[in-house]
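Student: I am new to this structure and should like to go through it step by step. May I put my questions to you in turn?

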Amino acid sequence: ITMNHSIIGANIMDRLVKCPGSLKVAKQSLEEYDKSTANKKHKYAKNRIECNAATSYGQVIDEMSKNYVRWKLGVPEKRKFTKPEHEVDKSYTVPAQMYARHMLSLRKRFGKCMLDPCYNMENFIQDLPDVEFRVAFNPDFVALPDGKYAGTVYISDLTTGRNYDRNKMFQHICCAVGIIEHHPETTHCICEVYNT
């Protein structure tokens, strides 16, 4: 039997529950996948449902807003989705600036922030006989009181969606569980979907 694998993030969990067929399963074991991507910069495996113009637009806004935060904090930028033409287009820059201001405001209020932290949650899903799963939750933004998980942790995730979709709140619940699982000193999580 050829072992298949799937790398599941919180943004895919609700889609997996609603539409398992939208998940693209790779044709190798996780060990083989790790070896084949060891020297690659981008290791993310897409699922079919995210390959559309609306998702691409959101990815640019997400990356651009975080780069505004990185520039303000003197941290190197990341560039995968943003192109020079996006940086002069107000349909991208205005929402990205709005979310960046919001994240910086939360950082000031809480004391510390993290962009795209990752919480490994493989123990929450069992492998099938011929499919291995890797589960990781990574919210767009987490603000911590005085840089510690003790107390209330603020979780924010960006959306550029034009309709209500329960996926984002499901994603937040997964992220909150991930934070609490890894940091039991967390007493509360505030979950926010920030729609530009």
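Student: Is Arg 79 buried, exposed or partly exposed?

Tutor: The model is a predicted one, and the relative accessible area of Arg 79 is computed as 34%. Buried would require under 20% and exposed over 50%. Arg 79 therefore counts as partly exposed.

Student: Which side chains meet Arg 79 in a salt bridge?

Tutor: The side chain of Glu 87 meets that of Arg 79 at 2.8 Å, N to O, and Glu 87 is partly exposed at 35% relative accessible area. A salt bridge at 3.6 Å, N to O, joins Arg 79 to another acidic side chain, a residue with 34% relative accessibility. The partners are thus Glu 87 and Glu 77.

Student: Which residues do salt bridges with shared partners join into one network?

Tutor: One of the salt bridges lies between Lys 66 and Asp 140, at 3.0 Å, N to O. Salt bridges that share partners join this pair with further residues in one network. Its members are Asp 62, Lys 66, Asp 116 and Asp 140.

Student: How many residues apart in sequence are the parts that Lys 66 and Asp 140 tie together?

Tutor: Lys 66 belongs to helix α3, residues 53-73, whereas Asp 140 sits in the loop between β4 (131-137) and β5 (141-145). Lys 66 is buried at 1% relative accessibility, and Asp 140 is buried at 10%. Because the two residues lie in these separate elements, their pair ties together parts whose separation in sequence is 74 residues.

Student: Which element gives the most residues to the largest nonpolar core?

Tutor: This core has 18 residues, and Met 64, Tyr 99, Leu 106, Phe 141 and Ala 143 have the most contacts inside it. At least two residues each come from α3, α4 (90-110), β5 and β6 (151-159). The element that gives the most, with seven residues, is α4.

Student: How many residues does the other core have?

Tutor: This core lies apart from the largest one. Met 121, Tyr 149, Val 153 and Ala 176 are among its members. Its residues number 13.

Student: Which strands stand at the edges of the open sheet?

Tutor: Four strands form this sheet with mixed pairing, in the order β2-β5-β6-β7. An edge strand has a single partner strand, so one of its sides is left without a neighbour in the sheet. The edge strands are β2 (111-115) and β7 (186-195).

Student: How many bridges join β6 to β7?

Tutor: These two strands run parallel. Within them, Thr 159 stands opposite Asn 195 of β7. The number of bridges joining β6 to β7 is nine.

Student: At about what angle does α4 run to β2?

Tutor: Helix α4 lies across β2, β5, β6 and β7. Its direction relative to β2 is at about 140°.

Student: How is the pair of rings of Tyr 99 and Tyr 194 classed?

Tutor: The ring centres are 4.9 Å apart and the planes stand at 35°. Planes under 30 degrees apart would count as stacked and those over 60 as edge-to-face. The pair of Tyr 99 and Tyr 194 is therefore tilted.

Student: How many residues apart are Tyr 99 and Tyr 194?

Tutor: Tyr 99 is in helix α4 and Tyr 194 in strand β7, so the pair links distant parts of the chain. Tyr 99 is buried at 0% relative accessible area, and Tyr 194 is buried at 15%. Their separation is 95 residues.

Technical notes:
Residues numbered from 1 in each chain as written. Predicted model: local features only at pLDDT ≥ 70, side-chain atom pairs only at ≥ 80, totals over all residues. Heavy atoms only, no water. Salt bridge = Lys/Arg side-chain N within 4 Å of Asp/Glu carboxyl O. Buried < 20%, exposed > 50% of the residue type's maximum accessible area, 1.4 Å probe, protein only. Core = buried A, V, L, I, M, F, W, Y, C linked by side-chain atoms within 4.5 Å. Pairing = 2+ DSSP bridges. Contact = heavy atoms within 4.5 Å. Axes fitted to C-alpha atoms, helices over the stretch in contact; angles between N-to-C directions. Phe/Tyr/Trp six-rings, centres within 6.5 Å; stacked < 30°, edge-to-face > 60°.
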